[in-house]
Structure formats: structure tokens, C-alpha cells
Amino acid sequence: MIHHDVLIVGSGVMGVALASSINSDELSIGIIESNPQPSLSRRHLSINQKSLNFLKDLDVWKEIEPNAYPYQKIKVWDQEGSGYIEFDSQEAGIDLLGHIVSEGQIQKSLIKKLETKKVSFYWNNKLLDIKNNSSDIICTTSNDQISCKFLIGCDGINSSVRDLGKFKSRSWSYNQTAIVANLKSPNIDSTIRQTFTKIGPLALLPINDDELTMIWSIDDKFAYEFLQKEKEDFLKEINVHFGENFGNLDFSTEIQHFPLNHLSSKTFAKDGIFLVGDAAHQIHPLAGLGLNAGLGDVVCLAKEINEHGRSEVKKISQIYNRNRIPVNLALAASMEAFKRGFEAKNIWIRLLRNSAFNFANNLELLKKKFMEFATEL
Ligand SMILES: Cc1cc2nc3c(=O)[nH]c(=O)nc-3n(C[C@H](O)[C@H](O)[C@H](O)COP(=O)(O)OP(=O)(O)OC[C@H]3O[C@@H](n4cnc5c(N)ncnc54)[C@H](O)[C@@H]3O)c2cc1C
């Protein structure tokens, strides 16, 4: 039987970031992935300063930076009321709020980095079963049997590690589908814009001097109809719903779509099994914080494993649960309040929300706090 101290399931950003962060001279690391090769995400997303510093520490930021787009402002407004809020890096006394990057580029740079480390990849290898014996966890995969001390689920929202490890979780569907594509635009500036349309939040994020990425989380009952639309008609819908003129938009990539679900695992670690990133928690993409929150898990878990090693599995579980559950719960709760407040149909809630938003827009301290939260996950 193959043995690794650390067995990571999943080669998404979390899996390869974690493998890059654990000391492979001290601990042997394996990664199993059900795909035959790395499946590189085609999404662009926002990363905060803390994630950027982490990528710098791993010495991969220099490869990502040439295609990363810095942003200084976020503007959020509602199409139906008068609610408007703006976050500005200058107000917070910082240069930038974050960068828009290609998620696939982060994965690619980290996988390349792993070529210089002692990490074994097992492609085309799906986790099927786990059993505990007195000292190790025995994993049956579609091709092998692998024993380990730490089994780490970086296997996304439908995590097999979470299911096979019998972790309890709360989950529900947002009944929305994220429709994602890049668009050519003549008017780009360093601002993320997000508006709450009648059918769901529509965000436009600058990705370079000529292109934006669109993330439109559309209620399921309309999403199918939107996915069937001709490109010209879709572009018209963006202009109508967005309410701010971007000039001539045109698609520069194909449309992708993702079902949107919420998930919170009740615990993130037990009996030598750990959950990281989307396997432990998933939130609505309107906050642009899911990957950042997952990298926060990676930083914490890698630090504890490097510090305490293979003999302190129980202690590491306790520290990881203590550090990562509260911060992710707080994030999920604030995002739910934000989303539900914006989507409320009740006129009183809408009025309250709009005035709360305008109020918040004038409250520098509150906004500063929110920005700190978003940058320090
Ligand atoms: C539309 C959209 C926009 C987003 N925008 C942002 C943003 O702006 N900012 C931000 O911070 N976050 C954003 N996110 C969230 C972010 O993309 C995710 O949090 C991140 O991709 C999660 O990565 P992961 O490695 O945890 O999981 P995944 O990327 O899902 O990787 C899981 C891996 O595990 C493998 N796997 C699964 N099961 C098994 C098994 N049984 N055996 C072996 N391998 C297995 C899979 O094949 C896959 O490779 C967005 C998400 C969406 C949907």
C-alpha cells in the first residue's frame, strides 16, 4: 500500500496551494484528483491583499501579476430603489482594494511550483472510500489504496471527503445560476460594479484595459431563458438591466454557467480528516470572497501542520476548527444578510435597506471596517 503523511483530495486552487505550503522535506505529500489532468478554471475572480501576500510568499505572484488587474473602487447599487454604496481604497488609506486574476492562472503557477517539491500526483484517481485503523486513515481510490495521517478534502462543494468522513453540514440552493463570460468594452476603469437587478445581482469586473468579466447570478426561473438567448439579445439585456452605459459591449469568450449553493460544514476537522475551501464552506459569489476565504484555511492549516508535524493531529484539528469556523460563519452570515436585504420584496424592508445603504455610504468608519473584513479573511 502507498503511504503519505498528507493526502490531499482535489487539485483545484486549494489542493495545490496547500501542497505548495506544506514542508515536503519533512512530510510526504500526495494529491489525488479524479480528472486525468489539471482542470483549469476559466473564471476570473477578485483576490484580496492577504491572498496576494500568500501568493507572493509562495513565489508565484510574479507569474500571475502580469495578467492581474488592480482595482481601487467597488460600486454597488440597486436598480429599483435609491440604495447605493461605494468602497474606495483611498478612503481606507490603502492603494488598492484587490486584483482581478484568472483562477486557472493561479492553479497553473502553483502546479508548476510543485514540480520543484516532493509531491506525488495521482491523476484519474477518484476517492471512493475511507476507513480508520488504529494509526492511519486508509483511502480506497479508483486505482489504489493509500494510507495517510492527514486526509485533506480540497474536493469542492460536492466533497467526497466530507460525505465519507460523515461531517454534518447545512446547505441550500440559492435558486440562482451564475452566468459568466468575458466582454470587450471600450470603457474600462479600476472599478468593480455590481447592481441588484430584478432577476439577480449583475457584476462587471475589469480584467484588463479592454475587457470585463461578467458574473450575473440569475434566478433559475429566468436563467434557462437567458442561456438560450442569441449573443446580441444577451448584450441588450445587460445594457437594459445594468442601467449604466458601457458603450459597445461584445463577448470575448463563451458563456459558462454554475449552479449556486450555500454550504457550511458544522466542523472543519475531526479524526485526522480536514476540510478546506469549498469542501468546508461555500457562499454566494456576489461577495467575491470564496477563494479568499479558502486560502485563509490553507494558510492556517499549513502553518499548524508545519509547526506540529504528524504526531499532533488532534491538536492541529482543534486549532484549525477554532481559527477557521468562526471567521467563515461570520462571513456567511453577513453575506446572507446583505443578499436577503437586497432581494427583499417587502416594501418596508426595501425602504429600510435603501436608507441603511445610503446611511452606510456616509459612515466612513463602518465602510472602513467592512473593507478590513474583506481584505483580512
Ligand atoms: C461564478 C463564481 C464566481 C466566483 N468569484 C469569486 C471571486 O471573485 N473571489 C473569490 O474569492 N472567490 C470567487 N468564487 C469562489 C471560488 O471560485 C471557489 O471558492 C474556489 O474555486 C474553490 O476552490 P476549491 O479548490 O475549494 O474547489 P474546486 O475548484 O471545486 O476543486 C475541487 C477539485 O477536487 C476534485 N475532486 C472532487 N471530488 C473528488 C474525488 N472524489 N476524488 C478526487 N478528486 C475529486 C475536482 O475534480 C476538482 O479538481 C467564485 C465562484 C463562482 C461559482
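These are my notebook entries on a predicted model of a protein chain with a ligand.

**Entry 1: the whole chain**

I began with the overall counts. The protein chain has 377 residues, and buried residues make up 42% of them. I found 11 helices and 20 strands in the protein chain. I then looked at the contacts with a separation of 6 or more. Residues 24 or more positions apart account for 74% of these contacts.

**Entry 2: around the ligand**

Which residues come nearest to the ligand? I noted Gly 10, Gly 12, Gly 156, Gly 277 and Gly 290, out of 35 residues around the ligand. Next I sorted the shell by class and got 14 nonpolar, 15 polar and six charged residues. Helix 1, strand 3 (44-47), strand 12 (169-184) and helix 8 each give at least two residues to this shell. Which element supplies the largest share of the shell? I wrote down helix 8, with four residues. Helix 8 was therefore my next topic.

**Entry 3: helix 1 against helix 8**

I looked up helix 1, residues 13-21, and helix 8, residues 290-308. Their axes are 9 Å apart, and the packing angle is about 25°. Angles under 35 degrees count as roughly parallel, so I entered helix 1 and helix 8 as roughly parallel to each other. The crossing of helix 1 past helix 8 is right-handed.

I listed the residues that meet. From helix 1 they are Val 13, Met 14, Ala 17, Leu 18 and Ser 21. From helix 8 they are Leu 291, Gly 294, Leu 295, Val 298, Leu 301 and Ala 302. By class, this contact of helix 1 with helix 8 holds nine nonpolar residues, two polar ones and no charged ones.

**Entry 4: helix 2 against helix 8**

I stayed with helix 8 and turned to helix 2, residues 49-57. The axes of helix 2 and helix 8 are 9 Å apart, and the helices pack at an angle of about 45°. That angle makes helix 2 oblique to helix 8. Helix 2 passes helix 8 in a left-handed crossing.

On the helix 2 side I found Lys 50, Ser 51 and Phe 54, which meet Asn 292, Leu 295 and Val 299 of helix 8. I counted the classes in this contact of helix 2 with helix 8 as three nonpolar, two polar and one charged. Leu 295 had already come up in my list for helix 1.

**Entry 5: helix 1 against helix 4**

I went back to helix 1 and checked helix 4, residues 103-114. Helix 1 and helix 4 pack at about 35°, with their axes 9 Å apart. Helix 1 passes helix 4 in a left-handed crossing.

In helix 1 I noted Val 13, Val 16, Ala 17, Ala 19 and Ser 20. These meet Glu 103, Ile 106, Gln 107, Leu 110, Ile 111, Lys 113 and Leu 114 in helix 4. The contact of helix 1 with helix 4 has eight nonpolar, two polar and two charged residues.

**Entry 6: Phe 150 and Asn 67**

I picked some single residues. Phe 150 sits in strand 11, residues 145-153. Is Phe 150 buried or exposed? A residue is buried if 20 or more other C-beta atoms lie within 10 Å of its own. Phe 150 has 23 C-beta neighbours inside 10 Å, so I entered Phe 150 as buried. Not counting residues up to four places away in sequence, Phe 150 touches Asp 5, Val 6, Gly 272, Phe 274, Ile 305 and Val 313. I also checked Asp 136, which is 14 residues from Phe 150 along the chain, with 8.4 Å between the C-alpha atoms.

Asn 67 is in the loop between helix 3 (61-64) and strand 4 (69-71). I counted 14 other C-beta atoms within 10 Å of Asn 67, so Asn 67 is partly exposed. Leaving aside neighbours within four places in sequence, Asn 67 is in contact with Ser 102 and Gln 105. Gln 105 is 38 residues from Asn 67 along the chain, and their C-alpha atoms are separated by 8.8 Å.

**Entry 7: positive phi**

Most residues other than glycine have a negative phi. I noted Lys 166, where phi is near 55°, a positive value. Lys 166 lies in the loop between helix 5 (160-164) and strand 12. With 10 other C-beta atoms within 10 Å, Lys 166 is exposed.

Phi of Asn 175 is also positive, near 55°. Asn 175 is in strand 12. I entered Asn 175 as partly exposed, with 13 other C-beta atoms within 10 Å.

How values were computed: Residues numbered from 1 in each chain as written. Predicted model: local features only at pLDDT ≥ 70, side-chain atom pairs only at ≥ 80, totals over all residues. Axes fitted to C-alpha atoms, helices over the stretch in contact; angles between N-to-C directions. Parallel < 35°, antiparallel > 145°, perpendicular 65-115°, else oblique. Left-handed = near helix turned anticlockwise from the far one by under 90°. Contact = placed C-beta atoms within 7 Å. Nonpolar A, V, L, I, M, F, W, Y, C, P; charged D, E, K, R; others polar. Near = placed C-beta within 6 Å. Buried ≥ 20, exposed ≤ 12 C-beta atoms within 10 Å, placed from the backbone.
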